[in-house]
Number of protein chains: 2
Amino acid sequence: MTTLPDRPDAELLRLDQQICFSLNAASRAFGGVYRVLLKDLGLTYPQYLVMLVLWEQGELPVKRIGEHLRLDSGTLSPLLKRLEAAGLVRRERSPEDERSVTVSLTEDGAALRERAGQVPRRLLTATGLPVDDLAELRALLDRVTVALDAAVPDLTEG
Amino acid sequence: MTTLPDRPDAELLRLDQQICFSLNAASRAFGGVYRVLLKDLGLTYPQYLVMLVLWEQGELPVKRIGEHLRLDSGTLSPLLKRLEAAGLVRRERSPEDERSVTVSLTEDGAALRERAGQVPRRLLTATGLPVDDLAELRALLDRVTVALDAAVPDLTEG
DNA sequence: CGCAATTAAGTTGCGCACAACTCAATGGCG
DNA sequence: CGCCATTGAGTTGTGCGCAACTTAATTGCG
């Protein structure tokens, strides 16, 4: 067990602040850099994430996209509509299951992949961290995410 | 210099995905836990951050709150209005500088601090990480944030 | 002094995240 | 078979984040 050491509440409060402050700040700093990098692609950061999934997977029902990105239809439906309006994706009811909507890339959407090719390298450079540190950061974030997700049900009931 | 090693674009693209995916996921996972923990305080997570600043600093102009949290008036003005409507803060034009609005805690706002006392410990427990790892996570996040902020101007022009 | 530049707060508009809901299609069980 | 619970997508409403803008007060410089 990784129980919390005995520390005064004041210290915990300070640490808590630093963590939530830091995560918030980092998240928004990433957003700011992505906003600049994606500007001439005409994509927002969440739209870019959806495009990444589609570039890798080819075509997917909305449900699957949501599972990859932890987003529900309330977020994805309007976002996909905007991507469709921009001519980057198609949305079609699945013939096998009329409840499902399959999202696929248009020619323009697939072509955008080339223009987005520089984004990852520029982003990694902008972080200023060596690749090893980034890998460690990712590992810590993933561990926290798993633990937090597992904790929510307990907190909701208990 | 921490230059990027020579790696194929495909690998960079994958790493990039993992980092942005991970940060996004972690950020929203934190948000989910905070939402549960703050529910009976009647606060959202950003509102909680503002209250933390006020509990620590006593009273501040909107500008200073924004500097602590990296938020502008476009975000803070409506948020502070909601806190005022909830009876937690007061907003008053500063007599010395009529442009500035001083935000201070009401009695209810100050009293809420006690009820929020359990939040940090419960959150730290929910992360499932020992305090040392959290400190390291925070350090990595802060380094990334500084680097990303510094990179934005270059990206915007160059 | 007087006027232009700057500063603080607020407003507007857009997109995202999420809860709560509707609606239609599907699946399962008596 | 028929009915009801479940599932997938979409809609509505609220709040946050940010860019671009407005307004009013202040500063500073000729």
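How do the residues of the surface near DNA strand C divide into nonpolar, polar and charged? The points below address this question and others for a model that is predicted.

1. Composition of the surface near DNA strand C. The residues there divide into six nonpolar, eight polar and 13 charged. Around this strand stand 27 residues, of which A:Arg82, B:Lys63, B:Ser73, B:Ser77 and B:Arg91 come nearest.

2. Elements facing DNA strand C. Chain A contributes helix H2 (45-57) and H4, while chain B contributes helix H1 (9-38), helix H3 (62-69), H4 and strand S2 (89-93); each supplies at least two residues of the surface near the strand.

3. Polar contacts with DNA strand C. Of the strand's atoms within 4 Å of the protein, 78% belong to sugar or phosphate, and the rest belong to bases. An N or O atom in the side chain of B:Arg91 is 2.7 Å from a phosphate oxygen of this strand. For A:Gln47, a side-chain N or O atom is 3.1 Å from a phosphate oxygen of DNA strand C. A:Glu98 takes part through its backbone, where an N or O atom lies 3.3 Å from a phosphate oxygen of the strand.

4. The surface near DNA strand D. This strand is surrounded by 27 residues, the closest being A:Lys63, A:Ser73, A:Ser77, A:Arg91 and B:Arg82. The residues of this surface comprise six nonpolar, eight polar and 13 charged. Helix H1 (9-38), helix H3 (62-69), helix H4 (73-85) and strand S2 (89-93) of chain A, with helix H2 (45-57) and helix H4 (73-85) of chain B, each supply at least two residues.

5. Polar contacts with DNA strand D. Sugar or phosphate accounts for 77% of the strand's atoms within 4 Å of the protein, and bases for the rest. Phosphate oxygens of the strand lie 3.0 Å from an N or O atom in the side chain of B:Thr44 and 3.1 Å from one in the side chain of A:Lys81. A polar side-chain atom of A:Ser100 is 3.5 Å from a phosphate oxygen of DNA strand D.

6. The contact between the protein chains. Chain A and chain B each bring 68 residues to their contact. Together they bury about 7,000 Å², 69% of it on carbon and sulfur atoms. Within chain B's share, B:Leu23, B:Leu148 and B:Leu155 supply 9% of the area buried against chain A, more than any other three residues.

7. Cysteines. The count of disulfides over all chains is zero. A:Cys20 counts as buried because its relative accessible area is 1%, under the 20% cut-off. B:Cys20 is likewise buried, at 1% relative accessibility.

Technical notes: Residues numbered from 1 in each chain as written. Chains lettered and ligands numbered in written order. Predicted model: local features only at pLDDT ≥ 70, side-chain atom pairs only at ≥ 80, totals over all residues. Heavy atoms only, no water. Near = heavy atom within 4 Å. Polar contact = N/O pair within 3.5 Å; in protein donor to acceptor, adjacent residues only side chain to side chain. Helix = DSSP H or I, 4+ residues; strand = E, 2+ residues; numbered from the N terminus. Nonpolar A, V, L, I, M, F, W, Y, C, P; charged D, E, K, R; others polar. Disulfide = S-S within 2.5 Å. Buried < 20%, exposed > 50% of the residue type's maximum accessible area, 1.4 Å probe, protein only. Contact = heavy atoms within 4.5 Å. Buried area = accessible area lost by both parts, 1.4 Å probe.
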